[in-house]
Structures are given as structure tokens and as C-alpha cells.
Amino acid sequence: MEEVDKILIHSLRQAGTAVPPEVQSVRDLTPELVVEAAVRCLRAVNPTLGAPLSPLLPPGISARFRLASDLAAACQELGFGGDVGYQTFLYSSEHDTRRLLLFLVEKLPRDESESGTEPPGKSGALLRAIGARIREQLGMPWVPPLCRTPRLQRLQGTSCLHPFTTCPLVLPQSGGPPELQEYYEGAAPPVPAQPPLCTRTPPALLETHMAQLTARHDWEAEWGGPGLASRLPPQEYVGRKRLRARLRALEPLRQACPPRPPGPPLDPAWLQEAFGAGGAGGALPKGSRFTRTQHLTHEQDPQILLQQIQAAAETQHPSKGAEEDAGARQASEEAALEQTLAQLDAAIEGCRGEMRDAQLSLTQAEAEVQQGRLALGGREDALRLKAQAIELLPDAQSNMAKLQLVVEASGRRIVSLAGQWERHRGPLLAQYRHLRALRDSAQLESSRRLSEIRTLHERSRSAADEARRKEELYKTLVAELEALPRDISRAVYTQRILEIVGNIRKQKEEISKILVDTRALQKEINSLVGKLERTFSVTDELLFKDAKRDEVVRKAYKYLAALHENCAQLIRTIEDTGTIQREIRDLEEQIEAETSSKPPASLERILSDCRALREENAALAARPRR
């Protein structure tokens, strides 16, 4: 129990209980420490239950009883199945206290977030140290460099802060052409020398590392979804993706550039027309989107445009003698500009409506032209047929016979072609069905293999995570093993364990022998009782037959009945004696347990509390009289 008590007291200290260093077992816990430990554990497990309770034991006896009763009710509500009351906290025994505290410690929440996110071992200890240092620095207020104390200079430094400015870095990469590898090996500067300032090296490294992690995560996410679904190797998938991106980027350029005329490879006139360098090629002039739309939708009258430009110039250059009414002139200019803007908006809306009408008319005209072309094609076919019939009219009989022969020959040819088609159609149809079945089976097989690949991918990822976790656990266990003292002999503990196992085995053998003897004795008792009952039945029957005729036999029968009754009562007395002796042994064991739990001290504490309670009651009773 000593090891259990040490673990229990360590857990109570972690929960916030101020256990003194000299307390090493549950036997040394005072009622104040028991109450404080129970309240701290209740607040950690269920704050709603532990918040109203005080961790300090009050000096008043009645207040102590109320606090202990509330603690007992809270423990029962939490799910404690043992017998708990105010006496458990104020006058408890070692066994009851240990049982209650073990229950509360087992209910304490485990900090799974930190244990799950931080790896164990030296790396976990390093991360925890870094986190503690960062929390300490964040808790300190920022102080100017010239006002910092030596402790703040150690935490915040002695110089001013630098901005987080990054720059691109050239990192060596495996693979690639030999020239690039030669550049990495000889001509490439080291990473710390690439930034122009030494203060930009950590931000640049952090940004480069984050970019690499992001690219790796994006590639894993894309390859796990559409990459596997494409059923392509990674290099071919990346090549096709680059080709699609290049085609999407070139499509707007193809639509914007005019068709290239035949001529020299780089015609200056074509380049000028394609890239809008000016001239008569119809390139778009420089300007905003509004000016291009206005130029394309409608052309304004040059006279009106000239008048608007002159009015704007006059409004921009006011006369020097009219400075006193500048506000009125500015308002009139703004009104004129707003009116002009409204006219331009109305003109733009009208042009847009005309464009929509013209577009609708153009669509209707194109539909009518298409219908006319279809009708014209049908009429041309009918005209060609009638012209051929007119050519055949002069020699109608011979032409009819020829046409009849041609029709019959065409019919026979159609029949022969139909037979040939049927001869070719059967094998082709069977081959088509066979190929379609093969394709369906191959598709099912590919889908099954794709699902297996995804499953294997997930399993490999989980196996890698599990291996990483076990590796960290192994490192942690090795570190803990190295931290253990070397003076402890393993053979001593092994010998003690073997001795305990041997004693348990001997006890089990003795218990088995006792059980076997008990079963044999019970079997013998049962056989003797049965034999006795049978003997008594036979004797009773024989004596009862002769008791009617002989007086001596009648007396013998009465003595036999009395003997049987006395023997039965003697047996019951022996059984009751055994039961009483067993109860006596149980009571003696309870007395020994109570004696070992120091009952005189508990009794003295109960008597002192009773006297204090009587004094409090007397004081309360005498208070109204005053």
C-alpha cells in the first residue's frame, strides 16, 4: 500500500492540494487535508458540484458538519458507490479515506490535448520548454529597450525589434540537370549569406519552410483525390495538368490576336495590328473600358464634342475678376457637369437599347436566312429531279425498261448486301459484346484496385503514424530507463515477486485442500443423514406394527421418537454453535481492524467535538436572553 499511497498523494498534489512533504501515506492525512483534497478533485471533475464548497475546514463544529455532509452528497452524486457521510471526512478510517480518494483521483480529467499534440521524449520536453518560455514572454509587458531591467533584457533583448521582412532563398534540390547540380555545389552562396541583411534570414527560412509544407500538403490532398481517380502515374498527371494550364493561358491570346496572314515569320504590320501599336490595323486605342465601350457603341457628333470640351475649358479657367462669386459659379459648373453626365448616361442607355434591338433583329434575320437556305436546297433537289425526268421523256418506254432493270438489279444487290451484312454482323456483334464484357470487367477490376490502393494508402499513413508514435514512446521509455537510479537491483524485485507468487500458490493449494476436505465431509454428513433417516423410518415402521399388541414395544416406540427428536435438536444446536463461532470470528476481525485504525484517537476527537458543539449550543441558547 505504500506505493499506492505515494501515487495517490502525488496525484492530489497535481490536483492543487497543499500536501506537506512529511505526509507519505493516507494514514498521515488530517481531516483538513482530506476535505481540501476532496474539494479540489470535485472542482476539477465537475465545477458545478465543487464551486459552492470551500476547501478550508471551518472552525465551527456545526459548519464542519454541514460542509462534510455537502461533500458526502456531492461524492454520491458523482457516482461513489461506497458508504460515505460526514464521518468519512471528519472521523474516517484509513481504508475508507483511501477508497474515496482513489475514486476521486480516477475521475480526474486527463490532459489528452497536450499529450496528443506534443510528442513524448526529448522532443516533447523541448516543445514544452519552448511553450513555457513563450508564455512567460507573452505574460511580460513590453518595455522600451532603454528602460529594461537586467531580467527584462534577458527576456526581451537589449535592442529594438526588427520587422518581419523576407526574401527569396535558393535551396539545393536533388535531381535536375548536371549544370544545376554543379551550380548548387560550387557557385550557389550559402543560405545565411543570401539575404541582404542578417535580420532577414529567420523570416526567409520560416516562409520557405511554410511554402514547402503547404505545397506538400496540397500535393498529397490532390493526389489522394483526383490524382488516383485519373489512373495515371504522378509524372504524367503533372505533365497533363501543366499542359491544361498552358492551354487555358494561351486561349485568351488566341482570341485577342487576329489571324496571321501568310508571309514572313514576323510581319511588322501583323505584330502592330495584334498588339495595338497604332496605325490602320484597327488596334484598340489606349483608354479606359468606358471610352472603348462608348467608341464601339456610338460615335458622338464632333461639333457637340468640341462644344463640350470648350465649355469644360471655360469652367476650368475662370476669369480673375469674378473671385467674389466663385461659389455660385462652381455650383453652376457642377450642375452643368451633372446635366452633361445625365445626358451621356441617357445616350449610353439608348445606345444599349438600340444594340439589343439590333442584336435581336440580326438573330431573326439569321434565322430567316437559314430557313431560306433550307427551303432553297429542297427546291434545288426537286428541280434537279424534274430536269432528269424531262430528259428521259422522249424515249419513255426504253428508259422505263432500263429503270426497271436498274431497280431490280439494285434490289438484288441490296439483298446480297443484306446477306453479306448478316454474315459479317454476327461475328462482329459477338466480338463487340465480348469486348464490352471485357471492358466492364476491366473497369470493375480497376475500380476495385483503385479502392484497394486508397485503402492501402490510408493504412500506410496510419501505420506510419503508429510507427512514429511507437518510436517516440520507445525514446521516452529509454530516457526514463536512463533516468532511473542504477543502484536498484532487478534481481531483488524479481526474487520478491517470485516469493509472492510462491506464497500465493501455496495459499491456493491449501485453500483447494480445505475445499476438497469440506466437500468430502459434507458428502459424508449427507450420506449419514440419509442413512439415519432410512434407519429411523424402518425402525419406526417395525415398532409401530408391534406397539398395538405389546406394552414394552409401545414404550420402546416412545423412547425412539424422543431419541430422534433430541438428536435433531442436538444437531441444530451444533449448527447454531458453528454459526455463532463464525460470527464471533468476523466480529473479532472487525474489532482488530477498528483497533488498528486508532479508535481511541477518533473517539477523543468525537468527544471533543461533542463538547464544543454543546458549548456552541449553550452560547446560542443564551444569546436571546441577553
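## Glutamate 32 and its partner

Glutamate 32 is partly exposed in this predicted model, since its relative accessibility is 36%, a value that lies between the 20% limit for buried residues and the 50% limit for exposed ones. Its side chain meets that of arginine 64 in a salt bridge, with an N to O distance of 3.9 Å.

This pair links distant parts of the chain. Glutamate 32 belongs to helix H2 (residues 31-45), whereas arginine 64 belongs to helix H4 (residues 61-78), and the two residues are 32 residues apart.

## A salt bridge inside helix H16

A further salt bridge joins arginine 384 and aspartate 381, whose closest N and O atoms are 3.1 Å apart. Both residues lie in helix H16 (residues 326-392), where a spacing of 3 residues corresponds to about one turn of the helix.

Each partner is assigned to the partly exposed class: arginine 384 has a relative accessible area of 46%, and aspartate 381 has a relative accessibility of 45%.

## Arginine 439 and aspartate 440

The side chains of arginine 439 and aspartate 440 also meet in a salt bridge, at 3.2 Å from N to O. Arginine 439 counts as exposed because its relative accessible area is 52%, and exposed residues are those over 50%. Aspartate 440, with a relative accessible area of 33%, is partly exposed.

## The wider set of salt bridges

The structure contains 17 salt bridges. Salt bridges also form a network, in which Asp5, Arg27, Glu94 and Arg98 are linked.

Technical notes
Residues numbered from 1 in each chain as written. Predicted model: local features only at pLDDT ≥ 70, side-chain atom pairs only at ≥ 80, totals over all residues. Heavy atoms only, no water. Salt bridge = Lys/Arg side-chain N within 4 Å of Asp/Glu carboxyl O. Helix = DSSP H or I, 4+ residues; strand = E, 2+ residues; numbered from the N terminus. Buried < 20%, exposed > 50% of the residue type's maximum accessible area, 1.4 Å probe, protein only.
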